[in-house]
Structures are given as structure tokens and as C-alpha cells.
Amino acid sequence: MTQPLLSLRNVEKHFGTVRAVDGFSLDIQENEFFALLGASGSGKTTLLRMLAGFETLTGGEILLDGKDISQVPPNRRPVNLMFQSYALFPHMSIAQNIAYGLEMEKCSKSEIKRRVGEMLEIIQLSHLAGRKPDQLSGGQRQRVALGRALIKRPRLLLLDEPLGALDKKLRGDMQLELKRLQHEIGITFIIVTHDQEEALVMADRVAILKDGKLLQCATPRDIYEHPNSRYSADFIGVMNFLPATLRQGQVIAANGQPVAAQLPEGLSEGNDVVVAIRPERLQVAAYRGGGGPRGRVLATAYHGLDLQLHLQTNLSSEPITVRLTAQEAEQTALSEGDEVELGWNAKDTRVFAA
Amino acid sequence: MASLANPRLMLVILAAVFAFLYVPISVLVALSFNEGGLPTAWTGFSTKWYGELLRNGDIMSAAFNTLVVALVSTALATLFGSLLAVGVEIRRRKGRFLETIIFAPMIIPDIVLAIALLSFFSLLNVTMGLHTVILSHVVFNLAFVCSVVRARLKTFDWSIVEASTDLGASMPVTLFRIVLPVMLPAIIAGALLAFTLSVDEFIIAFFTAGAGRDSITLPMQIFAMIRFGVTPEINALATIVMAVSVVALTLSQRLNRGGLPGQ
């Protein structure tokens with residue numbers, strides 16, 4: 001295996017008694033689009049600022065191309081940060097903003113001119129090169145911030161909630177745009193976000209952070225299909241959680257019935273657990289008098305390609321969500337108030353300690 | 001209350017208030033152009049009193065002194081006041097005490113400041129003259145510049161400083177290429193305000209200028225002349241001082257749209 005572009009080894013950051021980043025280790029490969037996903041206060045922004053050089057490390061090391069950069073000041077790191085607020089220089093034109101980083105590198109006038117021109121092409125703002133930042137829309141400002149950071153050809157581009165300030169429609173467009181740019185120029189991107197959808201759509205790999213610790217790091221698909229903790233399972237997508245207990249090698253639901261579930265390792269007899277199952281993995285049918293899990297349809301929600309059912313079941317006090325494809329929905333023809341029976345395969349479940 | 005809502009009556013009240021504020025100043029300006037020089041009769045338009053002014057050696061040397069005091073104290077106050085503002089803003093989490101003691105010279109009555117400075121210079125056995133006037137003006141101008149610059153700094157986006165560093169700039173480069181240009185309107189506004197305050201400051205200059213004729217400033221000169229009655233020359237001089245102040249203040253306020261704190 002080749003050397004990773006970036007290695008975080010036991011990185012620690014304490015603010016007083018608070019461990020903002022707590023023993024964080026991670027490898028990121030060249031050309032990856034990597035997402036740090038977490039709720040606010042999870043330490044993701046602190047981590048990003050440490051990579052940029054704006055926060056010192058309390059412990060551990062950060063290796064870039066195998067060399068420890070944790071003592072290198074931010075203006076000497078081959079790493080650039082795109083700020084959440086974009087932080088454009090208000091007194092400079094778009095072209096001047098973009099040229100700034102190259103001027104700091106003491107590039108020749110002609111080279112700066114050529115590369116700024118190219119970058120303006122890439123971010124599709126050539127026609128606005130002379131405008132000031134306050135004359136641009138949010139999406140345009142975001143592209144300037146991106147261009148200004150990219151023109152330095154950093155080894156690593158850090159993006160702090162890059163789409164947070166945009167409205168929903170624009171956000172969708174920019175997600176694809178960012179991904180396209182990253183492929184085109186071949187720079188490693190690390191994006192910080194609290195938006196799980198953003199992480200899933202854009203990233204090759206996602207790291208889920210909680211309380212400064214790395215909970216899970218995997219491809220979006222792996223995290224979705226095989227979450228390693230209740231928190232990851234809950235953070236990404238919709239998940240049903242059924243309270244249960246382990247007894248005699250079986251998972252017993254709250255109503256005393258054994259339910260189909262993959263038995264986890266490391267949990268022992270008598271433990272309280274939750275059985276996690278995705279809405280699309282549940283099968284429902286009109287009630288025909290069986291003794292298995294059953295429930296009643298509380299509400300239906302139409303989402304175009306699929307239909308969501310909310311069920312009150314005999315398995316838990318919380319309603320359960322079921323997702324049916326349009327075709328399945330047609331076959332079962334369920335509506336509000338209908339009694340249903342419920343089934344699933346053991347292999348589609350995950351069991352976590354409660 | 002119906003009569004108060006009467007728009008015509010409101011206009012009359014407004015006119016009366018403005019008349020009270022501006023008629024005396026208008027009379028002064030008008031009299032400075034009165035050929036005869038007497039406040040009792042208008043004998044025709046003339047700029048001869050302005051010519052007289054230029055030929056009056058005492059006034060010209062006082063004007064020169066005032067210019068020196070205003071320019072030097074403004075330069076010092078602008079430099080240190082701006083730096084102070086940046087420092088206070090960066091450290092603002094340490095509480096508001098620092099702010100209060102910085103801005104105190106703006107609020108303390110001039111006469112108190114004047115006596116305090118006089119006592120201070122006497123205590124140190126400093127020979128008084130123009131230099132002590134300059135130092136004294138720096139004391140209050142520093143507070144005014146600091147307050148104007150700080151008002152602008154409150155809306156300053158500090159992430160652009162980090163962005164500049166991130167793009168490879170050293171701290172001095174960031175200061176000159178990013179912080180200074182963005183802050184420049186506020187700094188100039190503060191400097192213009194300081195200049196204006198210094199030009200027509202009387203009490204503190206009077207107390208700290210010492211005894212010699214060499215350190216008399218323009219307001220002190222006017223005060224000395226006025227003991228023998230208001231001459232047309234004084235009217236002309238006052239008109240010029242006012243014009244300078246108005247221009248500087250207008251510029252200052254235009255540059256600093258947020259308004260002037262402490263004013």
C-alpha cells in the first residue's frame with residue numbers, strides 16, 4: 001500500500017478541561033474526497049483548523065506526505081482552507097482575491113495573470129473578474145472562495161461547511177459541482193459538514209465524529225449498511241430502533257416475543273439492546289391472523305418514488321417507519337388504519353447495546 | 001394634543017429651533033464680510049478683513065502653532081489609537097474594564113483634564129510649551145480615534161486575516177494588504193475628528209502651553225484679542241476655523257457611516 005497523503009496520529013486538542021479532539025487517528029489517501037461528519041461540538045471544525053494550522057495540537061502528530069507538519073505555521077503549509085464565511089477580501093476585486101495567494105508565492109506577473117485567467121474559467125466567473133465580493137451572489141462568492149484556495153494547487157484542500165450559507169436548490173447544484181471540480185483537478189478534499197446528505201452525496205469516505213472521537217470511518221454505503229454503533233446508525237439516514245433483551249441466545253422484543261436479528265458479539269445474556277433496521281428492509285402485508293410482529297398504519301407519506309408508512313406496532317412504543325417502493329405499495333394497497341403484519345430478515349438487522 | 005399635530009405649527013417650531021442654533025453663526029459669518037467692520041450697520045460686501053488677518057503677525061504665528069499641534073497630535077493619536085483599538089478588540093473577552101479606562105478622557109470634563117495635566121507636568125518639572133500642548137491633545141485624541149476605529153472593528157470579519165495567512169501571507173503583509181486597507185476609512189475618519197478637536201481646543205491648551213508667546217494657539221489668541229472687543233478680524237478668523245472644522249467633520253462622518261460613538 002502506498003503512503004497515505006495525510007496521517008493523523010493520536011491527535012489531541014484540549015481547551016481547558018474539554019477534550020475537543022480526543023485521540024484521533026486517521027489516514028487519508030491522495031485524491032480522496034473525504035468528509036468529516038458530526039453534530040456541532042463534535043470537534044470536526046477544531047480538527048480542520050488544526051490541519052490548516054490555526055490551532056496547535058495538545059498531543060499527537062499530523063503527517064503530510066510522511067512529514068510532521070504540526071509545528072509548521074499556516075502560511076507555510078501546502079494546505080488551503082475554504083472558510084465557512086468565505087472570508088473574501090472586501091476591498092479587492094474577484095481577480096485580485098484569486099491572485100492573492102500567487103502573489104504571496106512571488107510568482108511572476110505573467111504567470112499570475114495566466115493562472116488567474118484559467119481559474120476564472122474553471123469557476124465560470126471570467127465575466128465578473130472586476131467585481132467586488134459584495135456585488136456577487138452567495139453561490140458566486142462560494143466559487144470565488146474555492147478558486148482562491150485552489151489556485152495555490154494545495155496538496156490538501158479543506159472546506160469548512162462550504163455549502164452552509166446557500167439555499168437548498170443551489171446546495172444540490174454545488175454538491176455536484178464540487179465533486180466535478182475535485183475529479184477534474186485531482187486535489188484531495190476534506191470537507192467538514194453536519195449535513196449527512198451532503199457527506200453521502202459527495203464523499204468517497206466519511207468519518208463520523210462524536211465528542212472529539214472517531215466513531216466510524218468508511219464509504220457512505222458501508223456506513224449506511226453496516227453502522228458500527230447506534231450513533232452512526234442514527235446519524236445517517238432513517239433507522240428504526242426496537243428495544244429488546246438478550247435471553248437464551250435469542251433477541252426478545254419488548255412484548256416478549258423473539259424477533260429475527262443478527263446476534264452481535266460482545267453482548268451477553270440479559271443485556272438490554274436495540275435492534276436497528278432500515279425502513280426499506282421491512283416487509284409488510286395485510287394482517288391475516290399470524291402471531292408475529294403486527295401493527296396498525298398510523299399515517300402514509302407519499303415521496304414520489306416511494307411510500308412511507310408509519311406504524312404503531314406491538315414491538316415498541318415508538319412508531320416504526322417502513323419504506324415501500326411504488327410497486328410494493330400498489331401490491332399491498334395499505335392505507336391509514338389498516339392492520340398489518342411485519343417481517344424482516346435477520347441479516348438486515350444490527351444489534352447494539354442500549 | 002390636536003394642535004401639536006398641526007403640521008404648520010410643527011414647521012414653525014422647527015424653524016425657531018434652527019434659527020436659535022444657526023442665526024448667531026450666520027451673523028458671525030456675515031459680519032466677517034461687512035466692509036465697515038461695525039456690528040451695527042451693513043456697509044457692503046468686502047473680503048478686506050481676511051486680508052487684515054493675513055497681515056496680522058500674532059494671528060499668523062498662532063495659526064501656525066495650532067496647525068503644528070493639530071497635525072502632530074493627530075498623527076500620534078491616529079497611530080497609537082488605531083493600534084490600541086485593534087489590541088482592545090482582540091482582548092475584548094477579558095472584560096470591559098479596559099474599554100472604560102481608555103475612553104475616560106472623552107468623558108472627563110476638559111477643565112479637569114487640563115488641571116490634571118498641568119499638575120502632572122509641574123510635578124515632573126517639565127518646561128511647558130508647544131510640546132506639552134501636543135502631548136495633552138494626544139491624551140484625548142487617542143481616546144476619540146480609538147473609539148471611532150473600534151466601532152468599525154466590531155463589524156470586522158477576522159476570518160479574512162486567517163484567510164490571508166492561509167494563502168501564504170506573513171503577519172506584516174496581512175496587516176498592510178488586508179487589515180489596513182479595510183480599516184482605512186475608519187482610521188481617516190478618526191484622524192479627521194482628532195484634527196478638528198485639536199484645532200479649536202482651548203482650555204487644555206491654555207493650561208498646558210506655559211507662559212511664553214511662542215506657544216500660543218489660535219483659540220488662545222482669539223481669547224486674548226476678544227478682551228478688547230470683537231473685531232471684524234476675529235469674525236473672519238472664526239469663520240475660517242469653522243469652515244475647516246465643518247469640512248473635516250463632514251468628511252469624517254461620511255467615511256464612518258456608523259456614526260461617531262461618544263458624540
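Which residue is the bridge partner of A:Leu8 in β2(A)? I looked it up, and the partner is A:Leu26. A note to myself before going on: this is a predicted model.

**Entry 1: the strands around A:Leu8**

I started with the two strands behind that bridge. Strand β1 of chain A covers residues 6–15 and strand β2 of chain A covers residues 18–28. They pair in the antiparallel sense, and I noted 7 bridges for the pairing.

Next I checked the turn of this hairpin. There are 2 residues between β1(A) and β2(A), and A:Gly16 takes a positive phi near 65 degrees there.

Then I asked which other strand β1(A) is joined to. I found β4 of chain A, residues 59–64, running antiparallel to β1(A) with 5 bridges. A:Leu8 turns up here too, and its bridge partner in β4(A) is A:Ile62. So that I don't lose track, I wrote the two partners of A:Leu8 side by side: A:Leu26 in β2(A) and A:Ile62 in β4(A).

**Entry 2: aromatic rings**

How many aromatic pairs are there over all chains? The count comes to 13. I picked one of them, B:Phe18 with B:Tyr22, for a longer look. The two rings are 6.2 Å apart centre to centre, with 15 degrees between the planes. That makes the pair stacked, because planes under 30 degrees apart count as such.

Why do these two meet? B:Phe18 and B:Tyr22 are 4 residues apart in helix α1 (residues 7–32) of chain B, so about one helical turn separates them.

I also wanted to know whether the rings are buried or exposed, and the result falls in between. B:Phe18 is partly exposed, with a relative accessible area of 43%. B:Tyr22 is partly exposed as well, at 46% relative accessibility.

Elsewhere in chain B I found an aromatic cluster made up of B:Phe202, B:Phe206, B:Phe207 and B:Phe223.

**Entry 3: charges over rings**

Back to chain A for this one. The charged end of A:Arg278 sits over the ring of A:Tyr224, 3.9 Å from the ring centre. I noted another case with A:Arg294, which lies over the face of A:Tyr287 at 3.9 Å from the ring centre.

**Entry 4: the cavity**

I searched for enclosed space and got 1 cavity of 30 Å³ or more. The largest cavity has a volume of about 30 Å³. Its lining includes B:Thr66, B:His137, B:Glu201 and B:Pro219. The elements that give two or more residues to this lining are α3 (57–90) and α8 (171–199) of chain B. α3(B) gives the most, with 3 residues. By type, I sorted the lining of the largest cavity into 4 nonpolar, 4 polar and 1 charged.

**Entry 5: the pocket**

How much space lies in the largest pocket? I wrote down about 710 Å³. It is lined by 24 residues, and those closest to the centre are B:Val86, B:Ile90, B:Trp158, B:Leu175 and B:Val179. Two or more lining residues come from each of α3, α6 (130–153), α7 (159–166) and α8 of chain B. α8(B) gives the most to the lining of the largest pocket, with 8 residues. The lining of the largest pocket divides into 16 nonpolar, 3 polar and 5 charged residues.

One last jotting: α3 and α8 of chain B are on my list for the largest cavity and again for the largest pocket.

Definitions and conventions: Residues are numbered from 1 along each chain as its sequence is written. Chains are lettered from A and ligands numbered from 1 in the order in which they are written. This is a predicted model: local features need pLDDT of at least 70, side-chain atom pairs count only at pLDDT 80 or more; totals for chains, interfaces and linings use all residues. Side-chain values use heavy atoms; hydrogens and water are left out. Two strands pair if DSSP finds at least two bridges between them. Rings of Phe, Tyr and Trp (its six-membered ring) pair if their centres lie within 6.5 Å; planes under 30 degrees apart count as stacked, over 60 as edge-to-face and the rest as tilted. Buried means under 20% relative accessible area, exposed over 50%, partly exposed in between (1.4 Å probe, protein chains only). A charge sits over a ring if NZ of Lys or CZ of Arg is within 6 Å of the ring centre and within 35 degrees of the ring normal. On a 1 Å grid over the protein atoms alone, a cavity is a set of points where a 1.4 Å probe fits but cannot get out, and a pocket is an open set with protein on both sides within 12 Å along at least five of seven lines; lining residues have an atom within 4 Å of a point. Grid points are joined across faces, edges and corners, and a volume is the space filled by probe spheres set on the points. Ala, Val, Leu, Ile, Met, Phe, Trp, Tyr, Cys and Pro count as nonpolar, Asp, Glu, Lys and Arg as charged, and the others, Gly among them, as polar.
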